[in-house]
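Q: Could you take a close look at the aromatic rings in this one and walk me through how they pair up?

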Amino acid sequence: YRTLDGGKNWEKVFYIDENTGAIQVLIDPADRKIIYADMFASRQAPWENGSWFGKGSGLFKSVDGGTTWRQLTKGLPAITDGLGRIGFCIAPSDHNRLYALVSANNKSGGFYRSDDGGESWAKINDDIRLWDRGDDFAELKVDPKNEAIVYDANVVVWKTTDAGKTWTGFKGAPGGDDYHRLWINPDNTEIILLTGDQGAAISVNGGNTWSSWYN
């Protein structure tokens, strides 16, 4: 949905079917008319592992403020590859640089990168630890001042400083803490807010030390 009057009125601007929702929407920081939306076709049952995935999943782009949309497919897995949820982010320092965690079958799933505003993609890393359980974890964040530094919030938090080629464990004890959201202060990238199943933790020194969950 889109509002043009601060939320008083809304209009439906993109819809696939009753099984598919817009699970993530981002606006290009350099051009507000460019919008990306990940559509995820899924239903969750009230019992453990009662999941269903449909054929409407995919990453879409609008260049007219959300009036029209087209799917981005070049280099990305297709529905026939078991495509599911896509978690993606835009690099604030280079708005043409996008990263994506793509949930698909073991051959196609992985960490992908685009250098042309999502028009084409290349798989950079297929380590399953980065993208497994995509229906639960699909959070990527780029350092606001360095497009080569990316964080992946999952069972643990992973960090890359070479645009996804290699990754190291950033935070998380063995067994995992289940991290879901990550925010980096755009003015001081040493300040990081991390949220997970236990609550919120804050670092003011780039992740060297963290506050308690109980705050």
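A: Let's start with Phe 53, which counts as partly exposed in this predicted model, at 45% relative accessibility. Its partner is Phe 40, and that ring is buried, with a relative accessible area of 8%. The cut-off for buried is under 20%, so Phe 40 qualifies while Phe 53 doesn't. Together they make a tilted aromatic pair, 5.9 Å centre to centre with 35° between the planes. That angle is neither under 30 degrees nor over 60, which is why the pair gets called tilted. The two rings come from distant parts of the chain: Phe 40 belongs to strand β2 (residues 35–44) and Phe 53 to strand β3 (residues 51–53), 13 residues apart.

Now over to Phe 111 and Trp 167, an edge-to-face pair with 5.0 Å between centres and 80° between the planes. This one also links distant parts of the chain, with 56 residues separating the partners. Phe 111 is in strand β8 (residues 110–114), whereas Trp 167 lies in the loop between β12 (157–160) and β13 (168–171). Phe 111 is buried, at 0% relative accessibility. Trp 167 counts as buried too, at 15%.

Those two pairs are among the 9 aromatic pairs counted here. There's also a cluster worth finding on your screen: Phe 14, Phe 60 and Trp 69 group into one aromatic cluster.

One last ring to look at is Tyr 15, where the charged end of Lys 12 sits over the ring, 4.4 Å from its centre.

Conventions
Residues numbered from 1 in each chain as written. Predicted model: local features only at pLDDT ≥ 70, side-chain atom pairs only at ≥ 80, totals over all residues. Heavy atoms only, no water. Phe/Tyr/Trp six-rings, centres within 6.5 Å; stacked < 30°, edge-to-face > 60°. Helix = DSSP H or I, 4+ residues; strand = E, 2+ residues; numbered from the N terminus. Buried < 20%, exposed > 50% of the residue type's maximum accessible area, 1.4 Å probe, protein only. Lys NZ or Arg CZ within 6 Å of the ring centre and 35° of its normal.
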